[in-house]
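Trainee: I should like to work through this structure with you, one question at a time. May we begin with the term that the later answers will depend on?

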Amino acid sequence: MSLLLRRLWKLCHGKPAAVVKSSSLLLSSNSYSSYSLLHQTPPCFVLTFFITDLEKKVPLDLVDTYEIRTVGGSNGWVATLKDDGIVCLQDDLNPFASDMNPKRIPLPTLVTLPRCQTQMVTNMAMSSSSPEDENCVVSLKFFGPQLSFCRPGDKPTWTNIRIENLCFYPSPVVYSKKHGMFRILASGGYLIGSWDPRIDKKRKAKFQRLRFRNVPKLSKTKRELLSSCCTSEHLVESGTTCETFLVKLYRRPRASGSEKMQTKALMVFKIDDEGNAVYTKDIGDLCIFISKSEPFCVPASSFPGMLSNRVAFLDFDENVYISVPYSNIIGGNCPYAAPYHIPPQNIV
């Protein structure tokens, strides 16, 4: 069996395409050649742009057009935004979705709250694996105070929330199945805000302050390294273990004057129900995937060849795998126009 996902995008009008490729290829030379989950695809990502008949192909319009912008991804779906404020959900990144009949789910035109903006989107999150599910709620987080929800069923409308705390303005939104809430980790990682997707005027957001525990003592060299980096915090939930993790990534320019960022270290904290964020070097059998799509975890043992206790990080200029116990980093800089990890998809 080939290591690559042999799904071919039927090109229309001669347009080139982006290739969806198994992320396992960077984890092991023979990863997934005999993976046991016969009813799911392995985690994937969009590799590059060239014409080939080996993998499924994605329309280049998703990542290279002035009229339509891809503003987020979740569970193999992406959200595109036109200049007129119309949002559309598309399943092109699902490696087992139909090539001939890709799905398009239009959403209503965005409504911009006073003193807010809806052109710069931080990310997208969904409450279920597909917007076609009856109770699915889609959330868009905008840079700034606006958070919007929409149920893509009959007569969809936007519910718009204004967030008052400035610490949440640049942060992405994720959906927690454990709590049944959309959650945002404030910049700095000390506060989590939670919003009910059924929110109305009577419901208020819930906030949880985090207390960092068991933080390691760092050497002077390590402290200087971390202080020279830009820090990003990511909230990730494991559906199999019901654990919640806070991942801190430390990145800095690759060289003086360079625009390319390079990951130098990470810290992982396990969050309990009381708000304790306990530093850990062991996340067990899990592998965490962080990208511009909604983050997710998978049990590494479910996909032979995948290494456990790792964090896979994908950005516009970098693709790396980081060991949680030792911060060993495999991978490096490479341009990715669509840095979205795609979680395992059911094979039907």
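Mentor: A residue is called buried when its relative accessible area is under 20%, exposed when that area is over 50%, and partly exposed in between. Please bear in mind that this is a predicted model.

Trainee: By that cut-off, is Asp315 buried or exposed?

Mentor: Asp315 has a relative accessibility of 10%. The limit for burial is under 20%, so Asp315 counts as buried.

Trainee: What percentage of the residues of the protein count as buried?

Mentor: The protein has 348 residues, arranged with one helix and 26 strands. Its accessible surface comes to about 16,600 Å², and carbon and sulfur atoms hold 53% of that area. The portion of residues that count as buried is 53%.

Trainee: Which strands stand at the edges of the five-stranded open sheet?

Mentor: The sheet is open, its pairing is mixed, and its order is 16-20-19-18-17. Each edge strand has a single partner, so one side of it is left without a neighbour in the sheet. The edge strands are strand 16 (211–213) and strand 17 (230–237).

Trainee: Which residue is the bridge partner of Tyr250 in strand 19?

Mentor: Strands of a sheet pair through backbone hydrogen bonds, either parallel or antiparallel. Strand 18 (residues 244–253) and strand 19 (residues 261–271) pair in the antiparallel sense, over 10 bridges. Within strand 19, the bridge partner of Tyr250 is Ala265.

Trainee: What angle does the direction of helix 1 make with that of strand 19?

Mentor: Helix 1 comprises residues 220–227 and packs on the sheet. There it touches strand 18 and strand 19. Its direction and that of strand 19 make an angle of about 105 degrees.

Trainee: How many disulfides does a search of the whole structure find?

Mentor: A disulfide is a covalent bond between the sulfur atoms of two cysteines. The cysteine sulfur closest to that of Cys230 belongs to Cys229, and at 7.5 Å it is too far for a bond. Cys230 itself is partly exposed, at 49% relative accessibility. Over the whole structure, the number of disulfides found is zero.

Trainee: Which residue forms a salt bridge with Lys178?

Mentor: Lys178 lies in the loop between strand 12 (173–176) and strand 13 (181–185), and its partner lies in the loop between strand 19 and strand 20 (276–280), so the pair ties together parts that are 95 residues apart in sequence. Lys178 is partly exposed at 37%, whereas the partner counts as exposed at 53%. The closest N and O atoms are 3.2 Å apart, and the partner is Asp273.

Trainee: How far apart are the closest N and O atoms in the salt bridge of Asp317 with Arg251?

Mentor: Asp317 is in the loop between strand 23 (310–315) and strand 24 (318–323), while Arg251 is in strand 18, 66 residues apart. Asp317 counts as buried at 17%, and Arg251 is buried at 9%. The closest N and O atoms of this salt bridge are 3.1 Å apart.

Trainee: Which residues are joined into one network by salt bridges that share partners?

Mentor: One of the salt bridges pairs Asp315 with Lys292, with closest N and O atoms 3.8 Å apart. Asp315 lies in strand 23 and Lys292 in the loop between strand 21 (286–290) and strand 22 (296–299), so this pair ties together parts 23 residues apart in sequence. Through shared partners, the network joins Arg251, Lys292, Asp315, Asp317 and Glu318.

Notes: Residues are numbered from 1 along each chain as its sequence is written. This is a predicted model: local features need pLDDT of at least 70, side-chain atom pairs count only at pLDDT 80 or more; totals for chains, interfaces and linings use all residues. Side-chain values use heavy atoms; hydrogens and water are left out. Helices (H or I, at least four residues) and strands (E, at least two) are DSSP runs, numbered from the N terminus. Buried means under 20% relative accessible area, exposed over 50%, partly exposed in between (1.4 Å probe, protein chains only). Accessible areas come from the Shrake-Rupley method with a 1.4 Å probe; for residues, only the protein chains shown count as cover. Two strands pair if DSSP finds at least two bridges between them. Contact means heavy atoms within 4.5 Å. Axes are lines fitted to C-alpha atoms, for helices over the stretch in contact, and angles run from 0 to 180 degrees between N-to-C directions. A disulfide is a pair of cysteine sulfur atoms within 2.5 Å. A salt bridge is a side-chain nitrogen of Lys or Arg within 4 Å of a carboxyl oxygen of Asp or Glu.
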